[in-house]
Amino acid sequence: PFEWYMFDGGAQDTSMTFKIRLVFSGSVDRDTWTGAVCHAVRRHPLLRAQITGSKVKKLAWIPASHPVPYLDYGDLDKPVRYPVEEKIDLRRETGLRIWVRSDDERTEMHFQFHHACCDGIGAYRVLEDMMCAYDLNINGDTSEAGLRPLESARLEDRTKLYLQRPAKSRREKRDLFHPLRKAVGFFCKLPQGVRCGWRRRFDGDRRASVASFATHTFSAAQTRSLRSVAARHAGSSNDLLMRDLFLAVDDWNNCGETKDTSGMLRMMLPVTQRTPEEDELFPAANRVSMVKLDRDRSDLSDHEELLSGIIREIRQIRPLKRDLTFHRVARIIAAVPPLRWYMRRRAQRGYATTVLSQTGNVFSRAKLPRKRGIVQSGGLTLEAVDGAPPVNPFTPVSFATIWYAKRLTITMSFEPSCFTQHQADALLAAYVHRIQSSIAATPNAEVAAIAADAA
């Protein structure tokens with residue numbers, strides 16, 4: 001259901017693709033990197049496949065006639081442009097594009113993934129394989145000794161949910177329409193969006209920048225302090241970041257205006273369906289679901305209760321199997337043509353205020369040399385990682401939290417037809433200010449001092 005949802009959305013006016021950017025110090029060897037890309041893609045079947053079929057039940061993956069992904073090299077000052085348009089047509093090409101820009105001292109790599117092919121965890125596994133293969137090849141080793149093992153056969157079970165379902169009461173067993181009611185509630189009760197400027201018409205330069213990001217990286221000391229503050233509330237740093245995102249978006253929407261507490265904000269939270277064993281052996285695919293966190297704006301004034309409520313709700317996702325609802329709803333919509341039509345119409349108003357993807361600690365298990373926690377690959381040093389979920393004119397911003405080298409990076413992707421780079425930087429700054437305020441409000445003097453230094 002998730003693959004169909006992402007493909008069907010991409011077949012309309014929106015692009016169900018997400019971008020990741022890696023920034024290295026050092027110059028890349030182009031021929032060796034091309035070989036590493038081909039090596040990595042061979043390990044992930046859905047990234048060398050295309051889609052065929054005209055109806056929902058007849059859609060199928062087939063081997064691509066040209067399995068090598070789009071790969072474009074250039075100097076650092078060469079613009080990063082889409083080959084034709086942002087949208088990836090999986091009927092005609094594979095779901096990965098790569099741009100490499102470098103000089104003698106710096107290399108930037110931009111990756112565009114179609115979300116029907118893989119989720120964020122899968123994408124970072126592909127990038128890990130590329131870096132590992134590059135490190136091996138640059139040293140003349142053509143084996144796979146430095147790559148973690150994968151089992152392609154596991155893709156056959158990618159739609160299977162391995163979580164044991166809880167016991168149901170008789171009433172729940174009779175309630176066959178529960179997923180349908182969830183779908184109606186999701187599509188009929190629409191949230192407020194993130195305030196943005198007037199949407200501009202697309203033009204030739206509108207798609208020039210592949211990665212439209214705003215980013216902020218906290219220091220290692222600030223990152224430790226954030227974890228400490230969250231622990232004092234019996235929650236995780238991700239819980240605190242979700243609370244502060246609600247507050248930052250509410251601040252942004254009411255900036256310079258009289259406080260309006262009407263309406264509702266909805267944050268979408270991707271939830272992995274992987275177990276640790278699957279994460280180790282599963283090729284790139286979608287093993288993810290989505291859950292929504294709705295809050296009336298009138299409920300945002302009590303910050304402590306807002307955080308406590310988020311902690312409780314997130315803790316109940318797995319025990320109550322709320323992460324399965326998205327799959328059930330998507331399956332129903334895929335099977336009922338009128339619902340598919342209704343979904344596309346309602347999508348033009350936006351299903352969510354924004355998305356917060358909790359990416360986790362990237363490349364932590366990669367078999368690569370490190371220096372102070374920073375990954376090295378064939379003479380390249382990975383200095384920064386950026387990436388965020390898909391955006392479109394109806395949900396124009398998305399956020400991701402990325403943990404790398406003991407530092408937290410918050411990346412915001414934005415829709416260029418709705419936000420300028422300056423506006424995006426201002427919105428991210430509002431979010432960062434909220435996070436720093438949360439740290440500074442803690443009675444711990446050391447934590448407060450760190451936050452004050454960052455302000």
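The chain folds into 13 helices and 15 strands, where helices (H or I, at least four residues) and strands (E, at least two) are DSSP runs numbered from the N terminus. This is a predicted model, in which local features need pLDDT of at least 70, side-chain atom pairs count only at pLDDT 80 or more, and totals for chains, interfaces and linings use all residues. Residues are numbered from 1 along each chain as its sequence is written, and side-chain values use heavy atoms, with hydrogens and water left out.

Of the 455 residues in the chain, 53% are buried; buried means under 20% relative accessible area, exposed over 50%, and partly exposed in between (1.4 Å probe, protein chains only). The chain exposes about 21,200 Å², of which carbon and sulfur atoms supply 51%; such areas come from the Shrake-Rupley method with a 1.4 Å probe. Among contacts (heavy atoms within 4.5 Å) with a separation of 6 or more, 76% join residues 24 or more positions apart.

Helix 7 covers residues 237–253, and its end C-alpha atoms lie 24 Å apart, which agrees with the 24 Å expected for 17 residues at 1.5 Å a residue; the expected span is 1.5 Å times one less than the number of residues. In this helix, 16 of the 17 residues are buried.

Two loop residues other than glycine have a positive phi.

| Residue | Phi | Loop | Relative accessibility |
|---|---|---|---|
| A234 | near 60 degrees | between helix 6 (220–232) and helix 7 | 65% |
| F363 | near 60 degrees | between strand 10 (354–361) and strand 11 (370–371) | 4% |

A234 therefore counts as exposed at its 65% relative accessibility, whereas F363, at 4%, counts as buried.
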